[in-house]
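Here's a quick briefing to read alongside the structure. Have the viewer open and follow along topic by topic.

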Amino acid sequence: MKRYKYIFALIGLSMIGCSDLEEKPVGILAPESYFTSMDKVEIAVKGAYSYMANRYFMGRETAMTLMLRSDIVEISDPNTSVDRRNHNDLTDLANNGQTLQSWKIMYQIIAAANQAIAGAELVTAEASVKNPLIAQAYFARAFTYFHLVQQFGAIPYFDKPVSDVAEASNVTKTPVADVYANIIADLQFAKEWLPNTQATRALPAKSAASAYLASVYLTMGDYPNAYTEATDFISKKGIYNIELEADYQDLFDADKSGSSLEPIFLIDYIGDSSIGNYSTDYLVPLTGIRKDNQFGVGQEGWAVMVPSLKTYLSYNALDYRRQVSFNATAKFGAVDGPVTPYTGFKAADSRNQNQPYIAKYTRLRGDTPGAEGRASSQNYIMMRYAEVLLIAAEAVNEIPGGSIAEAEGYLNLVRARARSGGVTNGNVPSLFPIDAIGSTQATFRDAVLEERRIELAFEQKRWYDIVRRKLGPTVFGASGLEGNKSFTDANYLIAIPAEEVLRNPNLAL
Amino acid sequence: MNLKNKITFVLIMIFNISLYAQGGYRLSGTISDGDKMPIPGANVIIANTTKGAATDLDGKFQVDVKKGDVLQFSYIGYKMQSITITNQKTLNVVLIENNSQLDEVVVVGYGSRRKSDITGAVSSIKSEEINAFPVLDATQALQGRAAGVVVQSNNGGEPGAPISIKIRGNTSINASSDPLIVVDGFVGASMPQANDIESIEVLKDASATAIYGSRGSNGVVMVTTKKGRSGKLSIEVNSNYSVSNTANRLDLLNADEFAAYQQTFNPGYVQGPADTDWQDLLYRSGSTTNHQFSFSGGSDKINFYASANYFKQDGIVINSDFEKITFLSNIDAQVTDKLKLGMNLFGSIGSKNGIATQSTGDSANGGGDDVISLMFRFTPDRGIYDENGDFTTNSIGENVDNPYAVATQRVNETKTDNYRANLYANYDIIENLTFKTTFGYSTVNETNGSYVPSTLIANDGGRGGTAIISNKRGTTVLSENYLTYKKTLGKGDLTVLAGYSYQKNTTFRFTAGAQDFIDDDFSFYNLSGSNTALIPTSSLVEQEIQSQFGRLNYDYDDKYLLTATIRRDGSSNFAKNEKYAIFPSGAIGWKISNEDFLKDSETVSNLKIRASYGLTGNQAISAYQSLARFDNINGLYGGSIVSAVVPDQAANENLKWETSYQTNIGVDLGLFNSKVSLSLDYYNINTKDLIIADSSQPLYLGFLTSASLKNVGEINNKGFEVSLNTRNITNENFSWTTDFNWATNKNKIKTLLNGQDIYLDASPSYFSRADTHILREGEAAGVFYGFESKGVWQGGALPEGTATLAGAVAGDPLYNDLDGSGVITTDDRKIIGNPNPDYTFGITNNFSYKNFDLNIFFQGSQGGEIFNLTNVQLYNGDSNATKEVLNAWTPTNTDTNTPSIANRRDLSSRFIEDGSYIRLKNIALGYNFPSTFTDKLGMDKIRLTVSAQNLLTLTKYSGLDPEVSYFADSAGSSSAGNTTSGFDFGNYPTIRSVNFSLNLKF
C-alpha cells in the first residue's frame, strides 16, 4: 500500500488539463451572434460614421486629393510627397498612396454601413423604430458612393456585407448609371425615414438626404429633378430648421459653426487627438503657413497646399469672402509682433510661397491639442444651405423655360449675405458682390459656377464642379488659375490604384 | 539552549544528516590523472544512489561507504572507473583520459543522452564559456560559441536590450524565428542568470527538436541550471565590475563647418550662437556591476543550490540604465529508493530606464523622439537652451527637439517581475520503468510607464505632456508527464519514452494614459492630474496546447544507433478544421570507430556518421486569428467619442501551422586520442505552409484588417557547419586549446502567394515611405530593394543606360534606368543588396600557464551587407552631416560621386555597404591563487580576471558598428528580423568595456 500512495500522489499531480481546444475569446466580437438588439445595430451604425471622421477621409487624404486636383489649390512646398504633387499635376501615379488610403477608407465606411443594415434584418423591431436608425446607414452609404462615383466613375458596388471573400474579390465594376440609381434609392429611403431634425448636424436629418438628392441630380445633369428637390428643400427649410448664417465667417469658426443653422451635414472634429486617426484632422497644418505664429507658438503650418495667386486675385478685393477665405498676412515673430504681408512669406521659410494661404481651417480652429494644429475643433461642412440655393439656381437656369429671374433670386441671397460683412471686416457692409440682374442663360450658367467657386472655395466642391461641367480644358488651359496643365478627358477620373487592379483584374475592364 | 546553540544545532541537523544516517565508515582518497596531477571537481558516487562527493582542489575526497558499495569515479573527459568496496580505508584512483568528451552527458528533450550516442545535431556550451566574460543575458554568451547559432542584441549596447537568437537561418517570414527556450524542463521559460547555468545545449535538427513538435522549427535551447552535489557545503562569491565606453563615434561637422555647409545650398542660413558636440554631451562612461552569491551542497538524500544575483548597468548614453536582481534555487530530494522529488524556483525583478532609440518616426515629428539619430543630425550651432531658457529645436528640417532634451526629459521606465516554480516527481515504478511528472507555473509581470513632458516642443509638448502606462501579465501553467523504459536486449540498449503534456498561456494587458497635465512633475504617477484622459485599453488572450509525445532510442552493440520521435500537438490557436498536427522524426547513427577495423586505430579515436529527417512546426498563428471577427473602434459620432463596431475579418477555417521538413547529415571525427575533434553538419530545411498575409484581398471589401492569412509560402535554408576543437599543447605547466566554429547558411524563398513579390518598408516613417526590402521567389528573404546608383548627373546628355528622377537638375543622383524610359520611376528599382552573411564564425584560444590563464575570443561575420540609413539622413541637407558631405557635388566641385545636397531620401545602392567584420569579442587574463595561499585563508579558490570586450573590430563599414538591428515598422517584433534586417539607424551604440572580476569559493 505504501508504494501506491505515491502513485496516487503522482496521478494527482499529473491530472491537469484536458481541453477541447475551442477558442473562447473574451473581448472580441463574433459576427454570427452579435446582432441581438437595436442597440447593437446602433453601435454598428456608429462604425460607419466613425470611419467618416477618420483622417484618411475628409480630415486629410480624400480632402487633399479633391483640393489639389481643383484649379484653386496648388502645392506650396515643392518637396512635399509625390502623391500630393501627382494629384496637383493631374499625372496620376499607377500607385498613389494617398488615393489608396482614400479609396480604402471610403469602402470601410460602406462595409460598416452594409453591416449595420444587414444586422438590422436579424433584429425584430417595428419599422418606426428600426428605419430611422438604419436610414443613417443608408445615408452614409449613399454619401460615400457619391464621392466614389464622382472620383472614379464605375466602381465595385456592394450593398451587403462580404461573406464570400473569393467571390467578392472577383466582381466587375458597376456602371456609373447603376451606382447613381442605387445612391438615389438609398437617399430616398433616408429622406423618408430620417427625422426632420437631429440634435447635431453631424448626424443626417431629412434635410441632409434631400440636399444630397438635389446634389446627385445636379451632378447627373438631371436638372428638373435637381430643381424639384432643391426647391422642395427650400420650401421646408423652416421644418428642417435651416437658414443662411448671417456672418460668412461664423461658418468657419469652430466655436460657432456647430450651432449655426446653415450647415446641413458636417463632420464634427472636437479638438481631441486621443483616438489617433479616428479623431485627428490635418487641414489646419496642411493649409497653414510655415513658421507663422499669428495663431500662437507651436501652431504653425506645414505649407503643403496654397491657392494660386490668380485664385486670390480672382476675388473682388471688396468681397468679404476674400477676407474670410484667405490669410494674406502672417506673423513670423511673436504673436503680438510685426505683421508680414504675403509677399514676405517665402523669405521666412523656403517652403512657403508668396501667396495668401487658406484661412477657412486655420483662422478660428478652436482648441487644437495636437502639435501644429492637428486635431482641431473645426466642423468640416459637407453640405450647407448656400449650396442648396445655388443648386436651385443652377438647375432652374438649365430647365427649358426655367425662370432666370428665379435663378438670380437664389444666387442673390448668397451674395447678399456676403455683402453684409461680419466680424472679420468690422461688420462693414460692402458694395460687392453686386446682385445678378438681367442675365442670359449662358451668362448665368457661368455666373453660378463662379459663385460656387468663390462661395464654396476650399470646401472640396470645386473639383466635382469641374468634372460634372467638363470645365477641364478651360480651367486648366493657359488662362487658368494655375496655368496650362495639358488637360485631357482621362483626367476627369482618378485612376483606381494599380494595386487594387492587381488584386482584381476585372477592375481594369 | 541559548540562541547560538540552537542555531548551531539546527545547522548540524541540516547539513550533517548524513552523520546520523550512516551505518558504514568514512573512506578518503585522491583522484589524479595519468600525469599524477590531482583532478579537482571529480565525482565520486555510490552506484545506484545519489550519494557521493566531489574532489577538492587537491583531488581529495571523503565519502561514507559500507562494504559492498560500488564507487564510481568520473570526471569529464576521463573514463569512468568503478571500484567495489571491500574494506579499504583509503583509495587513490587514477583516471584514464577518455576519447575526449564522448561520455559527456548531453541534455535533450525529456531526458539526456551520452554525447557519443547522439544522432542529431546538438551543440553544447559549458559553464566556463558562458561565464568567460560578464553578460547581461546568458543568451549573449552563445554568440560565436556554437556553429549555426547567430546571436544579436536588438539594440546595440542598450542596458536591458532584448537579445535575439537565430538557429540555422530564418525558417519563417511572418512568424517568429526565435528558438524555443527550455529551462530545466520548463518550456518557454526565461533565461536564468549566466552564473547559475551549468550548461546550454542547442538542439538544431529535427531528430532533436521534433519532440517539441509545433514549437521546434526554430531549434531548441536547453538550459540546465546548477544543482547541489552531496559533500561539502560550498559558497561562491563572484563579483564583476566593468567600465564601458562607446566603441566608435561619427566624425560630424562643427558649428562653423555646418553653417558654411548649409550656406552652400541654403544661402539664407544664419549661423546659430553655439558650438555643441552632441555626441560629447550625450555619451558618458558607463559601468556594469554584477555580484553573485551562491551556496550549494547536499547529503545523500537532499541536494540544494541557491543563488542571488545583483546586476546593474549604467549605459553609455545619459539617462539609460538597467538593474536586475535574480534568485534561483534548486532542491532535489531522494524521498525513498524509488521516489525523487525536486523543485526549481526562479525569481527576478528588473528595472529599465530607457531613452528613446530606434524610433519608427511615427510618434513625433520626423523621428524627433530618437536620441541616437538626433545626436547625429541635430544642428551643432544650437545649445541646449535658447535665450528664453527653453530647449532649442532644430534650425533646419523638421521641427525636432534637441537630443539632450529628448534624452533627459522623456521618461520611459520598464519594470519586470518574473517568477517561476517547477515541481517534479520521479518514481521508479518497476525495474527499468520510470514515471516523471512535472507541474510548473510561471508569471511575468511587466509594467511600462512613459511620460513626455510639456517642455519638449516638437514631441508631445503641444499636448501639455502625455503619460502612458501599460501593463502585461503573462502566466503559464505547464504539466508534463512521461514514462521512460530502459532495457538491455542482448547487445542492444532500448529506451522508450511516452508522455502527455498540457500547457496554458494567458496574457492580460491594459493601458491607460492622459494628456495635458497640470504639472510635469507628476510624470506618469498621477494620471488624474490632467485635463484629458486617453481611452484605456485592455485585452485577454488565452492559448492552450495539449500534446502527446514519444521517443524510441535503440543502440546496438555501441555501433548502430536509431532514434525515432513523434509528437502530436493540439493548439487552440489552430483553426477549426486543423486543430491537431503530427510531427515525426527519425535518425540513424553509425559509430564506425567501434567497428573492428578501426577499433584499435591509433589515429582515429572516434568516427561517427549521423543522418536525420523529420518534421517540426512553428505556431505562426496568434490566438483568434482564424475566426470571423468584428472589431470595436473608437470614433467620432455626432461630435462625441463613441465605441463602435466594424467588420474586421472573414473566417479562415483552414489556417494551420508552418511545417519544416528538415534533413541533417553529420560526421563526428576524433583524431589522436581526440586531441583533434571535428564535427561537420550539413542541413536542408524546407519550411512549407508559411503563413503569408494575403494582401491580394481587395481593399474595397472594407474590412478593418485588410489582409487575410494563407498557408502558401515556402522557404528553404541550406547550410554547412564546422566545429573543430583541438588540444594543441598539454603539459604540466602549459596548455593551449582552440575551439573554432564556422557556419554558412543559404536562405531562399521558394514560393510566395501567386509568385508575387512582397514589398516591405522598414525605414523610419518620415523617410520617403518607399519600399526597402523585397521578398521574391528565388531570393533570400528580405534583400534590399531600391535604385542602383550610377553617380552624379553633371547636366547635359544622360550617360547611356542611366537617368534621373523627374525634375532633376545637374548634381542630382544618376540611377540605372532599367526600363529604358529615360526617367527614373519605381519601375527602375532592383535588388541592391543582401543583409544575410555568407558565413559566421567564432574562434577561441585558451592558454594556461601555471596559475594563469588567457582566453582570446574572436567572432565574425562575412558577406552581409548593411543599409546605412544614418547616412541617408545625414546626406539629406536638413541635418548635420559627416565630413564626407563636404565633397558633395556643387557647380564648382563636379568631380565627385556624391550628389548635391538636397531634401531627398531616395534609397539607393549608394548607401549599401559591406558589413563584414572580425571582432575581438573578449580577451581575458585570469589568475588562480595557489592552494598554498588559499588554504591559509581557509578558502578553496580565489580567482582574479581582467578582461576586455569589443576591444578591436576589423571592418570596412563606415557607420558606428557593423552589428546593426533597426526594425522600424515592427520594432521589437519577433518576426521583423526575418525579413527586414540589416538597417543601421538609431541603434544604441555598441560598447567597449574593461572588466575586473573576482571569484571566491569557500
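How many bridges join strand β26 of chain B to strand β27 of chain B? Twelve of them do, and the two strands run antiparallel. Keep in mind that this is a predicted model. The predictor puts the complex at an ipTM of 0.91 and a pTM of 0.76. The points below cover the chain B strands, the contact between the chains, two helix pairs in chain A, and the places to be careful.

**The β26-β27-β28 run in chain B**

- β26(B) covers residues 530-556 and β27(B) covers residues 560-571. The two form a hairpin with three residues between them.
- In that turn, have a look at B:Asp557, which has a positive phi of about 60°.
- To get the register of this pair, start from B:Asn553, whose bridge partner in β27(B) is B:Thr563.
- β27(B) also pairs with β28(B), residues 580-591, through eleven bridges, and these strands run antiparallel. Here B:Ile566 has B:Pro584 of β28(B) as its bridge partner.

**The β20-β21-β22 run in chain B**

- β20(B) (residues 321-334) and β21(B) (residues 339-353) pair in the antiparallel sense over 14 bridges. A hairpin of four residues links β20(B) to β21(B).
- One bridge to look for in this pair puts B:Phe322 opposite B:Lys352 of β21(B).
- β21(B) goes on to pair with β22(B), residues 411-430, by 15 bridges, again with antiparallel strands. B:Asn344 meets an asparagine there: its bridge partner in β22(B) is B:Asn422.

**Two three-stranded open sheets in chain B**

- One open sheet has the strand order β39-β41-β40 in chain B, with antiparallel pairing. Its edge strands are β39 (789-792) and β40 (802-803), and each of them pairs on one side only.
- Within that sheet, β40(B) and β41(B) (residues 813-816) share two bridges in the antiparallel sense. B:Ala803 has B:Tyr815 of β41(B) as its bridge partner.
- The other open sheet runs β46-β45-β49 in chain B, and its pairing is mixed. Its edge strands are β46 (912-914) and β49 (983-984), each pairing on one side only.
- The parallel part includes β45(B) (residues 865-868) and β49(B), which pair over two bridges. B:Asn868 is bridged to B:Asp984 of β49(B).

**Where chain A meets chain B**

- On the chain A side, 60 residues are in contact with 59 residues of chain B.
- The chain A elements giving two or more residues to that side are α1 (2-14), α2 (31-34), α3 (38-52), α7 (97-121), α9 (165-168) and α23 (498-503). α7(A) gives the most, with eight residues.
- By class, the chain A side that touches chain B has 34 nonpolar, 18 polar and eight charged residues.

**α7 against α8 in chain A**

- α7(A) also packs on α8(A) (residues 127-152): their axes come within 9 Å and cross at roughly 155°. That angle makes α7(A) roughly antiparallel to α8(A), and the crossing is left-handed.
- The contact includes A:Ile109, A:Ala113 and A:Ile117 from α7(A), and from α8(A) residues including A:Ile134, A:Tyr138 and A:Arg141.
- The residues of this contact split into 13 nonpolar, three polar and two charged.

**α18 against α20 in chain A**

- α18(A) (residues 385-398) and α20(A) (residues 441-455) pack at an angle of about 165°, with axes 10 Å apart. This makes α18(A) roughly antiparallel to α20(A), and their crossing is left-handed.
- Among the residues in the contact are A:Leu390 and A:Glu394 of α18(A), with A:Phe444, A:Arg445 and A:Arg452 of α20(A).
- The class split here is five nonpolar, two polar and five charged residues.

**Where to be careful**

- Chain B has a mean pLDDT of 86, and 94% of its residues reach 70 or more.
- Over residues 6-22 of chain B, though, pLDDT is below 50, and the stretch has eleven contacts in the model beyond near neighbours in sequence.
- Residues 968-974 of chain B also stay under 50, with 18 contacts in the model beyond four places in sequence.
- Where pLDDT is low, the predicted coordinates should not be read in detail.

Conventions. Residues numbered from 1 in each chain as written. Chains lettered and ligands numbered in written order. Predicted model: local features only at pLDDT ≥ 70, side-chain atom pairs only at ≥ 80, totals over all residues. Pairing = 2+ DSSP bridges. Contact = placed C-beta atoms within 7 Å. Nonpolar A, V, L, I, M, F, W, Y, C, P; charged D, E, K, R; others polar. Axes fitted to C-alpha atoms, helices over the stretch in contact; angles between N-to-C directions. Parallel < 35°, antiparallel > 145°, perpendicular 65-115°, else oblique. Left-handed = near helix turned anticlockwise from the far one by under 90°. pLDDT = per-residue confidence, 0-100.
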